[in-house]
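Work through the exercises below with the structure in view. Try each task before you read its solution.

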Amino acid sequence: MTEEDRRLTDGALTRREAILHGGTGLVLLCSFDQLAVKSRPNPKKTAASRRRELTGLFDPFKRDLPRPAVAEPVSTANGVDRYEITMQEGTAEILEGLETPIRGYDGMFPGPTIRARKGRPVVVKQTNELDHETIVHLHGGAQEEESDGALHRYWIQPGDDYTYTYWNQQDQATLWYHDHIHGRTGEHVFAGLAGFYILSDELDEKLGLPRGQYDVPLVIQDRAFNSDGSFRYVRSVEPGMHADTILVNGAIVPRMAVKRRIYRFRLLNGSNARCYQLQLGNGREMFQIASDGGLLPKPIKRTQIPLAPAQRAEVLIDFRKYAPGSKLILRNKLGDATTSAVMRFDVTKGGGREQARIPKKLRPAETIPSASKVRAFELTFEATPTPRWLINGKEYDENRVDADPKLGTTEYWRFINNSDHQHPMHLHACHFRVIEVNGVRPHPADRHWRDTVSVPPRGHVTIQPYFKDYAGQFVFHCHTLEHEDQSMMGSLVVRP
Ligand code: C2O
Ligand code: CU
Ligand code: CU
């Protein structure tokens, strides 16, 4: 067993123990209403379920929301932004008084945000100073095979580097980059190899949406810890890795002081396997303006937003509606005692004279070619000889072609889930519209351009991908990372 493996599997620590082990400022307390009620010992519950609920009660809302660092280009000459990023070990201060070893882009957790603009290429030289192969995928990006970061032939050996080119010809969208080593993606992303890539364009900028400090990326991830403060990762193939502590931008259930004005939040579910159903307070309104593939045709008022792994949702929240001193918890309706609160917005004085309003329209509707082919993919679990997830009864094989659409066409892809777990199915090299989920047309904010769709347990989903950007070899897979690693991935070859 290597030191790393030991760290990943040994000494599981309850958060109560973490407190005993050296957390000076860690207070065992769970103070927010509903949750406090939930976690009060219930004599009818088994000792085990009570213990489970008690494994992690850090005081929430203690830390101010951090903002991920923004990467600085090394050069901006000739209309190209060049970056140099090193994948390396580092530490993060997540638990007070303890250091958490991470593996991250420039040693940071979360990784530095890359800000890009449509039409301006970004070139990133990624150097691997870790002790294992890596590969960097730009999730949601339209890029050529060589820069997509998925296939084995592009893996970066320890000590080597690789240069990715992102043409940024697509419309504005909140993208993210993360490790994609087949078989170890779950472990690598959990260790910290993920960051935002925010692509803006003229349309986006002209809408008068909140900018600068009022445009806030929020990556939501769950993590578990060992007694020394290190992350505890369990390769849990069937349900996928679910951990007991929610982090936003690397901080445990943080708080954010907000002014009485409109904010734009870019929500990313960067968790390995956990799904969220986000709700503001007891169902206050949020205006969703974008999903995975960028702006929606118009803002859509919602009180709940589902977010499966890898999905993004951008929302506008108008805090002018709330009196100074109001505290609004962003909740996860699917959470349990320790995973129900995501973060809290604390409304402060000031900012109330803002004149901005929620725009009526965001972007014009597009027409796309009608579907030229129908494909079906059955999703199943096999417990023996080793637990694994299959697509049409097969494991991933890079040398086999599972779908070969033609460039410039759209198709119908139908995912049929013959298992008891949901699968956030993700396609590289395209965006898609969601046509139906269990025979029903999805919510208007969930059917626009996406790159990841949740296929419900025992359910089915039809999507319409549009292969409009590049020919080449790509992949599609479940974005529950333990499913993807083991081995729920197919090979997608876009023919010229
Ligand atoms: Cu975000 Cu192929 O992954
Ligand atoms: Cu992707
Ligand atoms: Cu899955």
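**Exercise 1.** In what order do the seven strands of the open sheet lie, and what is the pairing?

*Solution.* This is a predicted model: local features need pLDDT of at least 70, side-chain atom pairs count only at pLDDT 80 or more, and totals for chains, interfaces and linings use all residues. Residues are numbered from 1 along each chain as its sequence is written, chains are lettered from A and ligands numbered from 1 in the order in which they are written, and side-chain values use heavy atoms, without hydrogens and water.

Step 1: recall the terms. Strands are DSSP runs (E, at least two residues), as are helices (H or I, at least four), numbered from the N terminus. Two strands pair if DSSP finds at least two bridges between them.

Step 2: read the order. It is β11-β10-β9-β13-β18-β15-β16, with mixed pairing.

Step 3: find the edges. β11 (251–252) and β16 (294–302) each pair on one side only.

**Exercise 2.** Describe how β9 meets β10.

*Solution.* Strands β9 (residues 215–223) and β10 (residues 245–248) run antiparallel, joined by four bridges. Arg-223 has Thr-245 in β10 as its bridge partner.

**Exercise 3.** Which protein donors (N, O and S atoms within 2.8 Å of the metal, or 3.2 Å for Na, K and Ca; water is not among the atoms, so sites may look incomplete) hold the copper ion (ligand 3)?

*Solution.* Step 1: name them. They are His-423 (ND1), Cys-478 (SG) and His-483 (ND1), 2.0 to 2.1 Å from the ion.

Step 2: place them. His-423 lies in strand β24 (residues 423–427) and His-483 in helix α8 (residues 481–485), so the pair ties together parts 60 residues apart in sequence.

Step 3: check burial (buried is under 20% relative accessible area, exposed over 50%, partly exposed in between; 1.4 Å probe, protein chains only). His-423 is buried at 0%.
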